[in-house]
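Open the model in your viewer and keep the selection panel at hand. The stops below say what to select next and what is there.

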Amino acid sequence: MATPPKQTARDFDPDVLALFDDYVHGAIDRRGFLTRAGRIAGAAGAVGLLAALSPQFASAQQIAPDDARLQTRHVEFDSPKGNGRGRGYLAQPAGTSGPLPMVLVVHENRGLNPHIEDVARRIALEGYIAFAPDALFPKGGYPGEEDAARALFATLDQDTARQDFVAAAGWLQKTEGGNGRLGVVGFCYGGGMANWLATQLPTLRAAVPFYGPAAPLEDVPKITAELLVVLASNDARVNAQWPDYEAALKAAGKTFALYQPADTEHGFNNDTTPRYDEAAAREAWTKMLALFARTLKVPA
């Protein structure tokens, strides 16, 4: 029997996609999504829509956790201004010699789930030491289920969590085998964190925020990293902040580029859900790697 084609955002009513975005970002809960989606597709249809739109980690995995080309492990680090201790997933090429550039990988608003660990492995295979901290570590870590993770995430003190990411960046920049050159990439919540970290880390060389909230405008002059800002086209919530952020970056003379592919949804880089856009994600990934290679890798 032939495998049915994977669903894409174009297979869903735009109103359903908007409801799912509200659900993912905590504006409505599971019951709220099912109730409102039920008005569009009926009760049974709403359940099917939620299942179809929810992440499928196993089928989307690109790099196996035990891939022999990599060394991976979970490590803890000190975070004296944050929660005291942090924990993250470290991935780096196996059997390499010479110092490697480093990339901090920041998750969405569900903590360090299997998808973000896979993203860290993908980056590591490109010749980087990749480190993905888990903001949920003080709460016991990613709980293994997205609804539970989202609910747990809402209980975090975000000022303290931000300091954990600052500590993680400091730990990574000093880790053995690194060349001292640090970049960051983040998605949604992590995109906002990447923007914010760019205002906090003077030694950060590159930041790639995927569809994340803008940095505080008053702090934009402190940015020293080069930015690649990645936005979806159909993402009114996040995109509303871009004009002011762009103006602030220009006024402060910062180096940045925007990539905003047409007909894309918030989360288009995440290949575990139908919002994934393969062509746009591939191009964004190519642009990210080009920026990291130019700013983080030491010339031969």
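Does Cys188 count as buried or exposed? At 7% relative accessibility, Cys188 counts as buried; the term means under 20% relative accessible area, while exposed means over 50% and partly exposed is in between (1.4 Å probe, protein chains only).

Before going on, note that this is a predicted model, in which local features need pLDDT of at least 70 and side-chain atom pairs count only at pLDDT 80 or more, while totals for chains, interfaces and linings use all residues. Residues are numbered from 1 along each chain as its sequence is written, and side-chain values use heavy atoms, with hydrogens and water left out.

**Stop 1: two positive phi values**

Stay on Cys188. It is found in the loop between β5 (178–187) and α7 (189–200); helices (H or I, at least four residues) and strands (E, at least two) are DSSP runs, numbered from the N terminus. Cys188 is not a glycine, yet has a positive phi of about 60°. Most residues other than glycine have a negative phi.

Now select Tyr211, in the loop between β6 (204–210) and β7 (226–230). Tyr211 also has a positive phi, near 35°. Tyr211 is buried, with a relative accessible area of 1%.

**Stop 2: aromatic rings**

Keep Tyr211 selected and add Phe187, Phe210 and Phe268: ring pairs link these four residues into a cluster. Rings of Phe, Tyr and Trp (its six-membered ring) pair if their centres lie within 6.5 Å; planes under 30 degrees apart count as stacked, over 60 as edge-to-face and the rest as tilted. The structure holds 13 aromatic pairs.

Select Phe20 and Tyr23 next. Their ring centres are 5.9 Å apart and their planes are at 50°, so the pair is tilted. Both residues lie in helix α1, three residues apart, about one turn of the helix. Both Phe20 and Tyr23 are buried.

Then go to Trp242 and Tyr245, an edge-to-face pair with 5.9 Å centre to centre and 90° between the planes. Trp242 and Tyr245 both lie in helix α9 (residues 242–251), three residues apart. Trp242 is buried, and so is Tyr245.

**Stop 3: the nonpolar cores**

Which residues have the most contacts inside the largest nonpolar core? Select Leu104, Phe131, Val184, Leu197, Leu204, Leu227 and Tyr245; the core as a whole has 44 residues. A nonpolar core is a set of buried Ala, Val, Leu, Ile, Met, Phe, Trp, Tyr and Cys residues joined through side-chain atoms within 4.5 Å. A second, separate core has 35 residues, including Ile63, Val119, Ala120 and Tyr128.

Return to Leu197. Leaving aside neighbours within four places in sequence, Leu197 is in contact (heavy atoms within 4.5 Å) with Leu104, Phe165, Val166, Val184 and Leu204.

**Stop 4: helices α1 and α2**

Select residues 14–24 for α1 and residues 30–53 for α2; these helices pack at an angle of about 85°, with their axes 11 Å apart. That makes α1 roughly perpendicular to α2, a label for angles of 65 to 115 degrees, where under 35 is roughly parallel, over 145 roughly antiparallel and the rest oblique. The axes are lines fitted to C-alpha atoms, for helices over the stretch in contact, and angles run from 0 to 180 degrees between N-to-C directions.

Among the residues that meet are Leu17, Phe20 and Tyr23 in α1 and Phe33, Ile40 and Leu53 in α2.

Ala41 is also in helix α2 and is partly exposed, with a relative accessible area of 38%. Ala41 touches Ala46 and Leu49, not counting residues up to four places away in sequence. Draw a C-alpha to C-alpha distance from Ala41 to Asp13: 9.7 Å in space, 28 residues apart in sequence.

**Stop 5: two more selections**

Gln173 lies in helix α6 (residues 158–173) and is partly exposed, at 21% relative accessible area. Not counting residues up to four places away in sequence, Gln173 touches Met102, Gly180, Leu182 and Thr203.

Finish on Pro221, in the loop between β6 and β7. At 53% relative accessibility, Pro221 counts as exposed. Not counting residues up to four places away in sequence, Pro221 touches Ala252 and Lys254. The C-alpha atoms of Pro221 and Ala252 are separated by 5.4 Å, with these positions 31 residues apart along the chain.
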